[in-house]
Amino acid sequence: VVSASGPAGPSALRRHNLGLVLTALREGPFSRAELASRTGLTRATVASLVEPLVARRVLAEELAPPRGVGRPARPLRFHPDGPVALGIAVDVDRTVVVALDLGGAMVGRREIVADHRAHTPDELVATAADLASTLVAEVGRPVLGAGLALPALLAADPAGALVLRAPNLPRLTGTRPGPALAAALGVPVVVDNEATLAAAAHLGLAGDFVHLSAGIGLGGGIVLDGRVFRGARGLAGELGHVVVEREGPACGCGGRGCVEQYAGRGALLAGSGAADVEALVEAVAAGEARATAAVARAGAALGAAVTSVLHVLDVSTVVLGGDYARLAPALLPALAAELEARLMQPAALRVSTLGPDAPARGAAGTVLDRALREPDALMITETPESPSPVTTLPQFR
Ligand SMILES: [Zn+2]
């Protein structure tokens, strides 16, 4: 609760209330009266909050159907030309950019397929910036900011998130891609781990859950109390390194027998003999025995690891994303059997429908969440001419 007096002050109260109204509108459209009842604010307060946003074309009034006498209630919704957030996912083999409106709907998407492993950090940033600029020109709406999803462990840092480890894009290690991208795009950029952002993309869809995605490694994300759980140093969710066999094969993390060695993409391809994920998905769909068995073995190992995680966290939903969603027909039975045999309480298994765009959507969602929590940004609906400061993650907590 924010009080009108004391350290929070009136402007913090106004921001808080505006955040309530904008968050409510994500379920909209609603009239001012409906917004008042949904937020617990007075109608006068709601009116004073929304008028400036209508004037700035962040919100739009719908034409109300005629209904009897008196002033009609004109529902409010996010303006169709209003600001958008960009989500940019740079992965080993592609760059994806999406634009989401304030309601979270995708209004544009672009993708480039290219092997990025040999590219310098500057080249990666330039590719991402070009693709994003093309999309921005296409969408033709003001940009609030951009989220950048990387297959990397990152350290939050005032000078921009620092890449600690990026096994699959090793040239990024030790760099801060955020400031360069922010300078190229002229909007604030937040950088985060792709698996964390993929989990964040499912916020609100599944209560509390553990999200697992097979990309190059095995990505994990934990959502507790409706928020992504980041841990003390922002590194939580490394579910790929849950140990399933003490003396198992060596892992890139320096340990042994991590579930990534049994259920990551490398293990899936090696076990199935498939050349790539596309071939594996096709082989599984065709019911090929070797491919199906390899995916089932991965599912069983995953089940053992997930059991430990669920027992520790007392979360009852598992969401499968990335390659796991595509391999679900062969993966789910083995995973479910393992969970049933091991779990003390039952869990729900859900397959993500967001597809490969989940990290990019989660990245844009981070920008939207901040815009709704700190709505001052919505008062600037022009794309700035000069580079804006890069925001690092701690400010988002
Ligand atoms: Zn490991």
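**Exercise 1: the zinc site**

Work out which residues and atoms coordinate the zinc ion in this predicted model, and what geometry the site has.

*Solution.* Start with the donors: the zinc ion is held by ND1 of His 241 and by the SG atoms of Cys 251, Cys 253 and Cys 258. The distances run from 2.0 to 2.3 Å. Next, look at the angles among the 4 donor atoms, which span 103 to 120°. Four donors count as tetrahedral if all angles lie between 85 and 135 degrees, so the site of the zinc ion is tetrahedral.

**Exercise 2: the donors along the chain**

Find how the donor residues of the zinc ion are spaced in sequence, and say where His 241 and Cys 251 lie.

*Solution.* Reading along the chain, the donor spacing is H-x9-C-x1-C-x4-C. His 241 and Cys 251 both lie in the loop between strand E12 (227-228) and helix H7 (260-263), so this pair ties together parts that are 10 residues apart in sequence.

Now sort three of the donors by exposure, remembering that buried means under 20% relative accessible area and exposed means over 50%. Cys 251 has 8%, so it is buried. His 241, at 23%, is partly exposed, and Cys 253, at 39%, is partly exposed too. While you're on cysteines, check for disulfides: the structure holds 0.

**Exercise 3: laying out the sheet**

Put the strands of the open sheet in order, and pick out which ones sit at the edges.

*Solution.* The sheet has 5 strands in the order E12-E11-E10-E13-E14, with mixed pairing. Its edge strands are E12 and E14 (348-351), each pairing on one side only.

Then walk through the pairings, beginning at E12. Strand E11 (residues 218-224) pairs with E12 in the antiparallel sense over 2 bridges, and Leu 224 has Arg 227 in E12 as its bridge partner. E11 is also antiparallel to E10, this time over 6 bridges, and a hairpin of 3 residues joins E10 to E11. On to E13: E10 and E13 run parallel and are joined by 4 bridges, with Val 210 standing opposite Val 318 in E13.

To finish, add a helix. H12 (residues 328-342) lies across E13 (317-321) and E14, and runs at about 165° to E14.

**Exercise 4: strand E10 and Ser 213**

Decide how well covered E10 is, then describe the surroundings of Ser 213.

*Solution.* Count first: 6 of the 6 residues of E10 are buried, which makes the strand mostly covered. Now split them by direction. Phe 209, His 211 and Ser 213 point one way, while Val 210, Leu 212 and Ala 214 point the other, and all are buried.

Zoom in on Ser 213, which belongs to E10 (residues 209-214). Its relative accessibility is 12%, so it counts as buried. Across the strand pair, Ser 213 stands opposite Gly 219 in E11. Setting aside neighbours within four places in sequence, Ser 213 contacts Leu 218, Gly 219, Gly 321, Gly 322 and Tyr 324.

**Exercise 5: a helix residue**

Is Thr 307 buried or exposed, and which residues does it touch?

*Solution.* Place it first: Thr 307 is in helix H10 (residues 289-313). With 6% relative accessibility, Thr 307 counts as buried. Once neighbours within four places in sequence are left out, the contacts of Thr 307 are Glu 338, Leu 339, Arg 342 and Leu 343.

Conventions: Residues are numbered from 1 along each chain as its sequence is written. This is a predicted model: local features need pLDDT of at least 70, side-chain atom pairs count only at pLDDT 80 or more; totals for chains, interfaces and linings use all residues. Side-chain values use heavy atoms; hydrogens and water are left out. Donors are N, O and S atoms within 2.8 Å of the metal (3.2 Å for Na, K and Ca); water is not among the atoms, so sites may look incomplete. Four donors count as tetrahedral if all angles lie between 85 and 135 degrees; four count as square planar and six as octahedral if opposite donors are over 155 degrees apart and all others between 65 and 115; anything else is irregular. Buried means under 20% relative accessible area, exposed over 50%, partly exposed in between (1.4 Å probe, protein chains only). Two strands pair if DSSP finds at least two bridges between them. Contact means heavy atoms within 4.5 Å. Axes are lines fitted to C-alpha atoms, for helices over the stretch in contact, and angles run from 0 to 180 degrees between N-to-C directions. A disulfide is a pair of cysteine sulfur atoms within 2.5 Å.
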